[in-house]
Amino acid sequence: MEKLRIIFMGTPEFAVGILDTIIKNNYNVVGVITAADKPAGRGQKIKYSAVKEYALANNLPLLQPTNLKDEDFLSELKSLNANLQIVVAFRMLPKVVWEMPSLGTFNLHASLLPNYRGAAPINWAIINGETKTGVTTFFIDDKIDTGAMILSSETEIEPTENAGQLHDRLMQLGSETVIETLQAIESGNVTTIIQEDNAEIKTAYKLNKENCKIDWTKPAAVINDLIRGLSPYPAAWTFLKDKEEELSVKIYEAKPILEAHNLEIGTLISTKKEIKIAVTDGYIQLLSLQLPGKKRMAVAELLNGITFSDNTKVY
C-alpha cells in the first residue's frame with residue numbers, strides 16, 4: 001500500500017484533538033484546511049479557529065478557503081498531492097473536493113450513525129436522554145453524514161454528565177477510532193457498511209435560541225437532560241420575572257427532585273442557600289446559572305448578593 005499523504009479538514013477544538021493524535025502517531029499531514037478568520041466578541045476582533053492555531057503552532061501548511069469550489073483553492077489542494085482526506089467538524093464538501101484523493105475522504109462524526117446525523121450530535125444525545133453514544137468514521141458522499149461506515153466505537157453516557165464532559169471523552173474515543181481507521185486504510189483492509197435509513201433515526205438539529213429554551217411544563221428529568229445537554233455551551237435558558245423585572249437567565253447545572261406539590265408550574269422558591277423551580281412532577285434545583293451581564297455563578301454564591309421576591313416565576 002502506498003504511504004499515506006493526508007489533508008486534514010476541521011475547525012473547532014474537537015477537531016484539534018483528532019489532528020494532534022494523527023500527528024503524534026507520525027502520519028504525514030501535508031495540509032490543513034480550516035474556516036476563514038472572522039470577527040468575534042464585543043470588540044469584533046479577528047479570531048482564528050482552534051485548528052488554525054494548532055496548524056500555525058506546528059508549522060503545518062494551511063489553507064482557509066471561503067469558497068470550496070474556487071479554482072485557485074482547488075488548484076492549491078491538488079498541488080498538495082494528498083491521497084487521503086480526513087474531515088472532523090468542518091463543513092459540507094463539494095464532490096470535486098471529496099473525490100480528489102485516490103483513497104477517498106473520510107469523516108469522523110460524534111454519534112453512532114445513522115442516528116444523530118447533523119450539527120450537534122453530542123448535545124442531542126444527552127438532551128434526548130440516551131444512555132449510550134459513540135463515534136463513527138465513514139466515507140463522505142454527496143449528502144450529510146450518510147456515507148458508508150468504516151468503524152464505530154461506543155461509550156456509556158453517565159447520568160450526570162454534561163455536553164462538555166462528553167465532548168472531551170468523545171474527542172479521545174474519536175482520536176483512537178481515527179487511528180484504527182488509518183491503520184485499516186494503510187493495510188488495505190477496509191470494509192464498510194452502508195447506512196440504512198428508517199423512520200426511527202434521530203437527527204442532531206442545529207441548536208438555536210428556540211430549542212435551547214426550557215419548557216417548564218416538561219417532566220423534571222426531561223428538563224434536566226436539556227440543561228445537561230446544553231452545558232457549558234450554548235446553555236439552556238429561561239425568562240425569569242421578579243416583580244416587574246424580566247431577565248433572560250442561562251442555566252448550566254441543575255438537579256431533578258421528584259416530589260409532589262400544589263404549586264403553579266414555574267414558581268421559584270428561594271432560600272438563603274438554594275433555588276428550586278416547581279415543575280409537573282417535582283422541582284428542578286438550580287446549581288449554577290448566569291444572570292444578564294454577570295459571570296456564571298454557583299447558586300450559593302449568587303444568593304449571597306441577591307434576594308428574589310415571593311412571587312418570582314420562570315417561563
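Rings of Phe, Tyr and Trp, the last taken by its six-membered ring, count as a pair if their centres lie within 6.5 Å. By that criterion, Trp 237, Phe 239 and Tyr 315 form one aromatic cluster. Good morning, colleagues. The model I am presenting is a predicted one, and I shall return to this cluster after a brief overview.

The protein chain has eight helices and 18 strands. Its C-alpha trace spans about 70 × 45 × 30 Å along the principal axes. Of the 315 residues in the chain, 49% are buried. If we take the contacts between residues at least 6 apart in sequence, 64% of them join residues at least 24 apart.

Let me now come back to the cluster and take Phe 239 as our point of reference. Phe 239 belongs to strand 12. With a relative accessible area of 25%, Phe 239 is partly exposed, since the partly exposed class lies between 20% and 50%. Which residues does Phe 239 contact, leaving aside its neighbours within four places in sequence? They are Lys 213, Glu 246, Leu 247, Ser 248, Lys 313, Val 314 and Tyr 315. Two of these names connect with the aromatic theme. Tyr 315 is a member of the cluster itself, and Lys 213 lies over the face of Trp 237, at 5.5 Å from the ring centre. A second lysine is placed over a ring elsewhere in the model: Lys 52 lies over the face of Tyr 48, at 3.8 Å from the ring centre.

In total, the structure holds three aromatic pairs. One of them is formed by Trp 124 and Tyr 205, in an edge-to-face arrangement with 6.2 Å centre to centre and 85° between the planes. Trp 124 is in helix 5, residues 121-127, whereas Tyr 205 is in the loop between strand 11 (203-204) and helix 7 (220-229), so this pair ties together parts that are 81 residues apart in sequence. Are the two partners buried or exposed? Trp 124 counts as buried, at 11% relative accessibility, while Tyr 205 is exposed, with a relative accessible area of 52%.

Helix 7 deserves a closer look. Eight of its 10 residues are buried, so helix 7 is largely enclosed by the rest of the structure. The buried residues are Ala 220, Ile 223, Asn 224, Asp 225, Leu 226, Ile 227, Arg 228 and Gly 229. Against which elements do they pack? On the helical side, the partners are helix 5 and helix 6 (163-187). On the strand side, they are strand 12, strand 13 (245-258), strand 15 (275-279) and strand 16 (282-290).

The loop that leads from helix 7 to strand 12 holds two backbone features. As background, most residues other than glycine have a negative phi, and most peptide bonds are trans. In this loop we find Pro 234, which is joined to Tyr 233 by a cis peptide bond with omega of about 5°. Ala 235 is in the loop between helix 7 and strand 12 as well, and its phi is positive, near 90°. Ala 235 is buried, with a relative accessible area of 4%.

Each of these features has a counterpart elsewhere. A cis peptide bond also joins Leu 113 and Pro 114, with omega of about 10°, and Pro 114 lies in the loop between strand 7 (105-109) and strand 8 (117-118). For positive phi, the counterpart is Ala 89, with a value near 55°. Ala 89 is found in the loop between strand 6 (84-88) and helix 4 (95-98). Ala 89 is partly exposed, with a relative accessible area of 36%. To place one of these sites relative to our reference residue, the C-alpha atoms of Phe 239 and Leu 113 are separated by 35 Å, with their positions 126 residues apart along the chain.

I close with the packing of two helices. Helix 1, residues 13-24, and helix 2, residues 50-57, pack at an angle of about 30°, and their axes are 8 Å apart. The two are therefore roughly parallel to each other, because angles under 35 degrees fall in that class. From helix 1, the contact draws on Glu 13, Ala 15, Val 16, Leu 19, Asp 20 and Ile 23; from helix 2, it draws on Ala 50, Val 51 and Tyr 54. By character, the residues of this contact divide into seven nonpolar, no polar and two charged. Thank you for your attention.

Conventions: Residues are numbered from 1 along each chain as its sequence is written. This is a predicted model: local features need pLDDT of at least 70, side-chain atom pairs count only at pLDDT 80 or more; totals for chains, interfaces and linings use all residues. Side-chain values use heavy atoms; hydrogens and water are left out. Axes are lines fitted to C-alpha atoms, for helices over the stretch in contact, and angles run from 0 to 180 degrees between N-to-C directions. Helices (H or I, at least four residues) and strands (E, at least two) are DSSP runs, numbered from the N terminus. Angles under 35 degrees count as roughly parallel, over 145 as roughly antiparallel, 65 to 115 as roughly perpendicular and the rest as oblique. Contact means heavy atoms within 4.5 Å. Ala, Val, Leu, Ile, Met, Phe, Trp, Tyr, Cys and Pro count as nonpolar, Asp, Glu, Lys and Arg as charged, and the others, Gly among them, as polar. Rings of Phe, Tyr and Trp (its six-membered ring) pair if their centres lie within 6.5 Å; planes under 30 degrees apart count as stacked, over 60 as edge-to-face and the rest as tilted. Buried means under 20% relative accessible area, exposed over 50%, partly exposed in between (1.4 Å probe, protein chains only). A charge sits over a ring if NZ of Lys or CZ of Arg is within 6 Å of the ring centre and within 35 degrees of the ring normal.
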